[in-house]
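This briefing sets out the architecture of one protein chain and then turns to selected local features. Please read it alongside the sequence and the coordinates displayed here.

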Amino acid sequence: GKDAVQQIALCNPQLIFVDIGLPDISGIDVIKELLKDKPYPIVVISSDDRPHIVMEASKAGALAYIVKPFDIAQIERAIIVASVHFQNQMQMMDLNKKLVESVDQCKIAESQLSDSERMFRTLAENTQDIIMRHDKDGKCLYANPAFENIIGIAPSRVIGSQFFSFIDDPDKQCYSEATLQRVIDKGASTH
């Protein structure tokens, strides 16, 4: 019982067999103690075949349960079952670790994006130059406060509309539309 727990920590076994009826500690407590620090494939061997004991051993972490008396075929099957379950557990733990790392990376990226957006917003809201954003069809998605200071129209009046719809001079409207189209086609700003 207790001695086995200490010895197992030193020898790192490939598979552990545990009896439920140990003299100094319950086999279920041994399983819980062993699995507290490190995963192991554990097979229970016991003469106790009561369903609630089998369930308790399984909940504690046993991967297979053999009832005494047993034969070699039962042992072989239990070893296979415990080994496969253990490999699956290790894969799930590895996937879980990768998922946690991925979530952490997403949180970092989200924080960096939020910081970047906050910095852009601060710059855009405080610059003396007009900054606008349009979709590929020329619909205005954003105009900063400088737009109103320079053009004399509140950004809220142009957001959602075709940007050049408020320009009265057809030549200026045509030039402005052509400029916007070059920006959309090239993906770069022009001055």
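The points that follow go from the overall fold to two helices, a loop residue, the salt bridges and a surface patch.

The model is predicted, and side-chain atom pairs are counted only at pLDDT 80 or more. The protein contains seven helices and five strands, and along the sequence these elements follow the pattern α-β-α-β-α-β-α-β-β-α-α-α.

**Overall fold and surface**

- The protein has 191 residues, of which 26% count as buried.
- Among contacts in the protein with a separation of 6 or more, 36% join residues that are 24 or more positions apart.
- The accessible surface amounts to about 13300 Å², and carbon and sulfur atoms contribute 55% of that surface.

**Helix α2 and its surroundings**

- Helix α2 spans residues 27-37, and its buried residues are G27, I28, V30, I31 and L34.
- Viewed down the axis of α2, these buried residues fall within an arc of 155 degrees, so they line one face of the helix.
- The exposed residues K36 and D37 are carried on the face of α2 that is turned away from the buried side.
- The cover over the buried residues of α2 includes two helices, α1 (2-11) and α3 (51-60), together with the strands β1 (16-19) and β2 (42-46).
- At the start of α2, a side-chain oxygen of S26 comes to within 3.1 Å of the backbone nitrogen of I28; I28 is itself among the buried residues of this helix.

**Helix α3**

- In α3, the buried residues are I53, A57 and A60.
- Seen down the axis of α3, the buried residues fall within an arc of 60 degrees, so they line one face of the helix.
- P51 and K59 are exposed on the other side of α3.
- The buried residues of α3 pack against α2, β2 and β3 (64-67), and α3 in turn is among the elements that cover the buried residues of α2.
- Just after α3, G61 adopts a positive phi of about 130 degrees.

**The buried loop residue N144**

- N144 is located in the loop between β5 (140-143) and α5.
- N144 is buried, with a relative accessible area of 0%.
- Which backbone oxygen lies 2.8 Å from a polar atom of the N144 side chain? That oxygen belongs to A124.
- The backbone oxygen of D129 also approaches the side chain of N144, lying 2.9 Å from a polar atom of that side chain.
- Leaving aside residues up to four places away in sequence, N144 touches A124, T127, D129, I130, I131 and P155. A124 and D129 therefore appear in this list of contacts as well as supplying the backbone oxygens described above.

**Salt bridges**

- The structure holds six salt bridges, including the three described here.
- D19 and K68 meet through their side chains in a salt bridge with an N to O distance of 2.7 Å. D19 lies in strand β1, whereas K68 lies in the loop between β3 and α4 (72-126), so the pair ties together parts that are 49 residues apart in sequence.
- D19 is partly exposed at 22% relative accessibility, and K68 is partly exposed at 34%.
- The side chains of R50 and D48 form another salt bridge, with 2.6 Å from N to O. R50 is partly exposed, with a relative accessible area of 42%, whereas D48 is buried, with a relative accessible area of 18%. The value for D48 falls on the buried side because buried means under 20% relative accessible area.
- K98 forms a salt bridge with D94, in which the closest N and O atoms are 3.4 Å apart. The two residues are four positions apart in helix α4, and K98 and D94 are thus separated by about one helical turn.
- Both partners are partly exposed: K98 has 48% relative accessibility and D94 has 36%.

**A nonpolar patch on the surface**

- I130, I150 and I151 make a nonpolar surface patch of about 240 Å².
- I151 belongs to helix α5 (residues 145-151) and is partly exposed, with a relative accessible area of 40%.
- I130 is one of the residues that N144 touches, and I130 also contributes to this patch.

Terms used
Residues are numbered from 1 along each chain as its sequence is written. This is a predicted model: local features need pLDDT of at least 70, side-chain atom pairs count only at pLDDT 80 or more; totals for chains, interfaces and linings use all residues. Side-chain values use heavy atoms; hydrogens and water are left out. Buried means under 20% relative accessible area, exposed over 50%, partly exposed in between (1.4 Å probe, protein chains only). Contact means heavy atoms within 4.5 Å. Accessible areas come from the Shrake-Rupley method with a 1.4 Å probe; for residues, only the protein chains shown count as cover. Patches are made of residues with over 30% relative accessible area and no salt bridge: like charges are joined within 9 Å, nonpolar side chains (Val, Leu, Ile, Met, Phe, Trp, Tyr) within 5 Å. A salt bridge is a side-chain nitrogen of Lys or Arg within 4 Å of a carboxyl oxygen of Asp or Glu. The arc is that of the directions from the helix axis to the C-beta atoms. A polar contact is a pair of N or O atoms within 3.5 Å; within protein, one must be able to donate a hydrogen and the other to accept it, and residues adjacent in sequence count only if both atoms are side-chain atoms.
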